[in-house]
2 protein chains.
Amino acid sequence: MSTEAASRRGVPDATVARLPGYLRALTAFVDRGITSVSSEELATAAGVSPAKLRKDLSHLGSYGVRGVGYDVARLAEEITDVLGLARDWPVAIVGMGNLGRALAAYRGFATRGFKVVAVLDHDARLVGLRTAGHTVQPMSALPRLVADEGLAIGVIATPPGSAQLVADQLVAAGVRSILNFAPQVLSVPPGVDVRKVDLATELQILAFLAQQRDLETGAEAEVS
Amino acid sequence: MSTEAASRRGVPDATVARLPGYLRALTAFVDRGITSVSSEELATAAGVSPAKLRKDLSHLGSYGVRGVGYDVARLAEEITDVLGLARDWPVAIVGMGNLGRALAAYRGFATRGFKVVAVLDHDARLVGLRTAGHTVQPMSALPRLVADEGLAIGVIATPPGSAQLVADQLVAAGVRSILNFAPQVLSVPPGVDVRKVDLATELQILAFLAQQRDLETGAEAEVS
DNA sequence: ACGGCCTTGTGAAGGTATGCACAAAGTTGA
DNA sequence: TCAACTTTGTGCATACCTTCACAAGGCCGT
């Protein structure tokens, strides 16, 4: 894939991608007052197999007790630590269209280690408007946000045509983590991480699976 | 068109996940009036390596010409066909909160093989309201939508607490493809496909990568 | 007609991820 | 104290994915 592929700190990429799910399941157990879980219970709650869960957790160290299971609070803290969520990460959302406003209003940030410190838009007509408790700022505010607020993560919620420009501006300001909602491949220098969330891609994969299902069902019907 | 069923069944998951990206890049080439591309050009536009692209396309059959490249229109048509996008898939969006409304207003559906045939909400107070050209319908409308409109894909944009219930209702009505935006593991019977889009998970993965970067930079500084 | 030049398609190799099965290790109860 | 029980952690085998390197194959100029 990108620059440094494989595993960092010995934790495989596939495992890292599942850790947030484990953390969410653990948080739910905490809320229900459950203090200890087996790999089977946690795996079910997270939607994976017990073997996979144990293998994943083994990459973080030994935090379970044989014959008993895992201490919910301790494991949650360990995963929080590994993911780097012990502190809050300042996030800025760029692009105040429908999606940008919905993201700005999303309440899930605060409880999961993130804090929206600013919302921005390239369009001067939107600058100054208030939405979801934030005043829309111009792109020129980026350097100050990085310097004063420690802005570390940029969320791109613009139309695809503006996404690369916004990415360039984020990178120029010193942001090195980007979450891109625009259906557009971004080119960024080494040392900058980009992750992509794409509705159309997911739907198209579902369409493929659905068609596959229909074809196979038809084939079976023919055989029998 | 000739070797359909046989070759498509063997398309690896990882390849299927990249096909939408190739299709998008090809569409962009069509718009620019370009009729032929090499694996190198297409790979760059899609953000993958040329070798990976060629291997992926080889799973669909031989649609390139050695020494020349790929015919843009023909390859786009082939991928459209493999993904099952030759026809439009009827989609319903459930949950008219901020995210649901943003999704309902998203214009990318129509051009990519999907058609929003209905938006629904469990809350009776929202039923009847108009948003983005649709009238919000109650959940009880689902069976009719499946029967009359051929509804095939359900998008869940509800709070996590309602997601499982909505999934159950979708499945009961006959929907077998679900795109879940709620941070909640869904349990569905065999034969139903669920894909998940989760903002918080993606941000947490970015946080992990950012922390690794910081740690490694620090470590290098110590060494030198 | 044909040799030179390109780019595809693909075997082979290496690397990752997954699932199985069981030994290791801790707990519980008598 | 100790034996029986439970569940973790992990070695191994397998499947999957990616990358490399090059032979196969088609076009173009002469």
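A polar contact is a pair of N or O atoms within 3.5 Å. In this predicted model, that cut-off applies to Lys55(A), where a polar side-chain atom lies 3.2 Å from a base oxygen of DNA strand D. Chain B also reaches a base of this strand: an N or O atom in the side chain of Arg66(B) is 2.7 Å from a base nitrogen of DNA strand D. The backbone of the strand is approached as well, since the side chain of Arg18(B) places an N or O atom 2.8 Å from a phosphate oxygen of DNA strand D.

The secondary-structure elements behind this surface come from both chains. Chain A contributes two or more residues from each of helix 3 (50-58), strand 2 (64-65) and strand 3 (69-71), and chain B does likewise from helix 2 (13-31) and helix 4 (50-58). In total, 27 residues surround DNA strand D. The closest are Ser39(A), Arg54(A) and Tyr70(A), together with Arg18(B) and Arg66(B). Of the atoms of DNA strand D that come within 4 Å of the protein, 68% belong to sugar and phosphate. The residue classes on this surface are evenly represented, with nine nonpolar, nine polar and nine charged residues.

The domain assignment divides chain A into domain 1, covering residues 2-82, and domain 2, covering residues 89-201. The centres of these two domains of chain A, taken over C-alpha atoms, are 29 Å apart.

The two protein chains also meet each other. The size of an interface is often given as the accessible area lost when the parts come together. For chain B and chain A, the buried area is about 5700 Å², 65% of it on carbon and sulfur atoms. The contact involves 60 residues from chain A and 58 residues from chain B.

Nine salt bridges are counted between chain B and chain A. One of them joins Arg213(B) to Asp193(A), with the closest N and O atoms 2.8 Å apart. Polar contacts across the interface link 18 residue pairs, counted where both residues have pLDDT of 80 or more. On chain B, the elements that each supply at least two residues to the side touching chain A include helix 2, helix 3 (39-46), helix 5 (72-83) and strand 8 (153-156). Helix 9 (199-223) of chain B is also among them, and this helix gives the largest share of that side, 17 residues. By class, the side of chain B that touches chain A comprises 34 nonpolar, nine polar and 15 charged residues.

How values were computed. Residues numbered from 1 in each chain as written. Chains lettered and ligands numbered in written order. Predicted model: local features only at pLDDT ≥ 70, side-chain atom pairs only at ≥ 80, totals over all residues. Heavy atoms only, no water. Near = heavy atom within 4 Å. Polar contact = N/O pair within 3.5 Å; in protein donor to acceptor, adjacent residues only side chain to side chain. Helix = DSSP H or I, 4+ residues; strand = E, 2+ residues; numbered from the N terminus. Nonpolar A, V, L, I, M, F, W, Y, C, P; charged D, E, K, R; others polar. Domains from an automatic or database assignment. Contact = heavy atoms within 4.5 Å. Buried area = accessible area lost by both parts, 1.4 Å probe. Salt bridge = Lys/Arg side-chain N within 4 Å of Asp/Glu carboxyl O.
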